[in-house]
Amino acid sequence: MTTISNCTATAIKGAAATLIKGDLVAFPTETVYGLGADATNKEAVGRIYEVKGRPVGHPVIIHISSISNLDKWARDIPEYAFKLARTFWPGPMTLILPRTDIAKNFITGGQDNVGIRVPSHIVALDLLKKFESLGGLGVAAPSANRFGAVSPTTATAVEIELADYLSENDQILDGGACLVGVESTIINCTQDHPLILRPGAITKEMIEDTLRIFIDLNNSNSESIQIKAAGLIESHYAPKAKVFLTGLPTLGDGFIALDSFATPTGAVRVAAPKTNEEYAQVLYEAFRLADNKGLSRIFVIPATGGGIAVAINDRLVKSAFSK
Ligand code: TXA
Ligand code: MG
């Protein structure tokens, strides 16, 4: 495995060729780092599962460079999905749509729908454009972490997670720290109305404003949708330390809260973000820092309000779920 820290046009072209050959490329997106493979190559996608230690049958998101490539992967696209795509792509949003024949069972987990996203990170977009110019149709990329662990938001975090599992020809592109910090908003667009399956930086309020409809977040788990989303498993996004969302830390426990909360005596402050946006951005690195310090417990004061706070608290609840 090689990490490329100077992502020149030539280096990105090389990474696109690496994907075409069937090897893996971990790359930055605005949300978290993804572990990419040619989405039409069964063996390459199979390696993603091996490297992540992910159970087979979980679907992966396809990354494309532009909305104009959407109809290669998806069909019967509702007008509201086009509107969302036109408004929020490139950006931190994944649409679940009925699949075309190009999206095989090894991508969709055997379901008739496929998750698609156009990321906005310049390295990701450039990689996708160069990959497509070499004949590629899309890059399958789950978050570049071992299954159930915290998503990486830096190239170093990818190395620490996956170096032992990647092969000689695989690459990691270093594009700096991710700006959003939590995974994309996933919206099920296979029904008459959109349904948020995973909250993210494209918030319920933004979707409501765009489509001029009301979205009931409580619906997402109660719907009888046959959609399997790994992120919907209760314990996920979890550091090695045990996460507590209530109670107060004692001597040597980690502590994460907005900057306006003072650090309780004896606690080890691992993040003090000033805004909810910054909270999302630093949360996973704070978890990693606590693990690096060997802390066994992290006490967290969740975010408040709507918007991205919903995504932060969704990840916090999952990270705190007892394993
Ligand atoms: O921000 C993101 O979405 C990042 C970056 C790398 O793009 N990717 C990401 O992928 O978070 P992953 O695989 O770690 O999480 C994607 C989630 C999983 O829970 C997966 O099960 C779900 O999306 N998913 C993917 N395709 C799906 C589909 N066809 N139907 C339902 N859920 C799907
Ligand atoms: Mg993930």
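**Reading helices and cysteines in a predicted model**

Analyst: In helix α2 (residues 42-52), the buried residues are Ala44, Val45, Arg47, Ile48, Tyr49, Val51 and Lys52, where buried means under 20% relative accessible area, exposed over 50% and partly exposed in between (1.4 Å probe, protein chains only). This is a predicted model, in which local features need pLDDT of at least 70 and side-chain atom pairs count only at pLDDT 80 or more, while totals for chains, interfaces and linings use all residues. Residues are numbered from 1 along each chain as its sequence is written, chains are lettered from A and ligands numbered from 1 in the order written, and side-chain values use heavy atoms, without hydrogens or water.

User: What covers the buried residues of α2?

Analyst: Contact means heavy atoms within 4.5 Å, and the cover of the buried α2 residues includes β3 (34-38), α5 (105-108), β7 (139-140) and α7 (155-162). Helices (H or I, at least four residues) and strands (E, at least two) are DSSP runs, numbered from the N terminus.

User: Which residue takes a positive phi just after α2?

Analyst: Gly53 does, with a phi of about 65 degrees; just after α10, Gly294 likewise has a positive phi, of about 75 degrees.

User: Why is Cys178 in no bond with Cys7?

Analyst: A disulfide is a covalent bond between the sulfur atoms of two cysteines, taken here as a pair of cysteine sulfur atoms within 2.5 Å. The search of the whole structure finds 0 disulfides, and Cys7 is in none, the nearest cysteine sulfur being that of Cys178. The two sulfurs are 12 Å apart, which is too far for a bond. Cys178 counts as buried because its relative accessibility is 3%.
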